[in-house]
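This briefing introduces a protein structure to a reader who has not met it before. Please look over the sequence and the structure first.

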Amino acid sequence: MRSSVEETPDHCAIEFAMEMLGGRWKLAILKQLFAGTHRFGELRRALPGITQRMLTRQLRELEADGLVTRTVYREVPPRVEYALTDVGHSLDSITEELDKWGRWYRETVRREGPPGPRPPA
């Protein structure tokens, strides 16, 4: 069960952030939404490998955490769009830095192979 903001001790802020953003897909979804509003199908096509069920679950959690808004248009057929909130947009620079680090690490491992064990301190 997830902790609420009020229940999280100050010293656990990183753990709380990881609880909100952790997992394989949440940051990837946010990265797509930094480019603008997307429909469900657009997100699914942009994230090969994610199942419909997982995308739905992750979007619901991001919405519950106030990072994403879901807008339903009463049309036939119905149209649903997802966009970032101001709080969601606050993660842009963090996500960009993680993306840069991931690209650097991937290239480093391709060139040099996986890092070995760290020597004892």
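The points below cover one helix, one cis peptide bond and two pockets. The model is predicted: local features need pLDDT of at least 70 and side-chain atom pairs count only at pLDDT 80 or more, while totals for chains, interfaces and linings use all residues. Residues are numbered from 1 along each chain as its sequence is written, and side-chain values use heavy atoms, with hydrogens and water left out.

**Helix α1**
- In helix α1 (residues 13–21; a DSSP run of H or I, at least four residues), Phe16, Met20 and Leu21 are buried, meaning under 20% relative accessible area with a 1.4 Å probe, protein chains only.
- These buried residues fall within an arc of 120° seen down the axis of α1, so they line one face of the helix; the arc is that of the directions from the helix axis to the C-beta atoms.
- The face turned away from the buried side carries Ile14, Glu15 and Met18, which are exposed (over 50%).
- Gly23 follows α1 and has a positive phi, near 105°.

**Cis peptide bond**
- The bond from Val76 to Pro77 is cis, with omega near -10°.
- Pro77 lies in the loop between β2 (68–73) and β3 (79–84), strands being DSSP runs of E, at least two residues.

**Pockets**
- The largest pocket holds about 250 Å³ of space, and α6 (92–112) gives the most to its lining, with six residues.
- The second largest pocket has a volume of about 180 Å³, and α1 supplies the largest share of its lining, four residues.
- A pocket is an open set of points on a 1 Å grid where a 1.4 Å probe fits, with protein on both sides within 12 Å along at least five of seven lines; lining residues have an atom within 4 Å of a point.

Terms used:
Points joined across faces, edges and corners; volume = space filled by probe spheres on them.
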